[in-house]
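Me: I'm trying to get the hang of the labels people put on protein models. Can you take me through this one and show how each label is earned?

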Amino acid sequence: MRFMLVVCLLLTAPALPAAEPAAPHYSKPAVRKELVALVQAQLAAFRAGDFDGAYRYAATPLRVQFSLEEFTAMIKHGYPVMVHNERAECGLPTDDGVTATLVVRVFGPGGRSSDYRYALA
């Protein structure tokens, strides 16, 4: 199974362990670990100014819609807390075995924070 991460932009994750399709429930620890690792990796790329690295997480439809330069401009101008993130707190993800949702509070300089909902499919 392959998850696609959406944070007002789309990101892809490697194959993740998941349950059979069912009613939404809190994700198993292995799924949570993979989702959090993916989010942290992309935030680390933004923090390092590695927009090429962050762009590699983007799903094919996003990469088709936006060039690396457009993606970089969109993130720099639309998501400054993400660009200058200092840390992130991840909530408990839920999934139905096919899609997952993870809310992440991203903290930037001066204690500013923004919440992002990562939707994975």
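Reply: Sure. This is a predicted model. Start with one spot: V106 stands opposite S114 in β7.

Me: What makes β6 and β7 a pair?

Reply: Two strands count as paired if there are at least two bridges between them. β6 (residues 100-107) and β7 (residues 113-120) have 8 bridges, so they pass, and they pair in the antiparallel sense. Another spot along this pairing is L102, whose bridge partner in β7 is Y118.

Me: And what is in the turn between those two?

Reply: β6 and β7 form a hairpin with 5 residues between the strands, and G110 there takes a positive phi near 70°.

Me: How do you know that β5 also pairs with β6?

Reply: Same kind of check. The rule asks for at least two bridges, and β5 (residues 94-95) has 2 with β6, so the pair counts, again in the antiparallel sense. One match to look for is T94, with T101 as its bridge partner in β6. These strands form a hairpin as well, with 4 residues between them, and G97 in the turn has a positive phi of about 90°.

Me: Which other strand pairs with β6, and over how many bridges?

Reply: That would be β4 (residues 87-90), antiparallel over 4 bridges. Here R87 stands opposite F107 in β6.

Me: Why is the contact between R105 and D115 called a salt bridge?

Reply: In general, side chains of opposite charge can pair when their charged atoms come close. The cut-off is a side-chain nitrogen of Lys or Arg within 4 Å of a carboxyl oxygen of Asp or Glu. For R105 and D115 the closest N and O atoms are 2.7 Å apart, so the label fits. This pair links distant parts of the chain: R105 is in strand β6 and D115 is in strand β7, 10 residues apart.

Me: Why are R105 and D115 called partly exposed?

Reply: Buried means under 20% relative accessible area, exposed means over 50%, and partly exposed is in between. R105 has 37%, so it lands in the middle class. D115 has 46%, so the middle class fits there too.

Me: What makes R87 and E89 a salt bridge?

Reply: Their side chains meet at 2.6 Å, N to O, which is within the 4 Å limit, so they qualify. R87 is partly exposed at 43%, and E89 is partly exposed at 41%.

Me: How do you know that R56 and D52 are in different exposure classes?

Reply: R56 has a relative accessible area of 56%, which is over 50%, so R56 is exposed. D52 has 34%, between 20% and 50%, so D52 is partly exposed. Their side chains meet in a salt bridge too, at 2.5 Å, N to O.

Me: How many salt bridges does a search of the whole structure find?

Reply: It finds 3.

Me: Can you zoom out for me?

Reply: Happy to. The protein has 5 helices and 7 strands, and along the sequence they follow the pattern β-β-β-α-α-α-α-α-β-β-β-β. Buried residues make up 40% of the 121 residues. The protein exposes about 6,400 Å², with carbon and sulfur atoms supplying 57% of it.

Key
Residues are numbered from 1 along each chain as its sequence is written. This is a predicted model: local features need pLDDT of at least 70, side-chain atom pairs count only at pLDDT 80 or more; totals for chains, interfaces and linings use all residues. Side-chain values use heavy atoms; hydrogens and water are left out. Buried means under 20% relative accessible area, exposed over 50%, partly exposed in between (1.4 Å probe, protein chains only). Accessible areas come from the Shrake-Rupley method with a 1.4 Å probe; for residues, only the protein chains shown count as cover.
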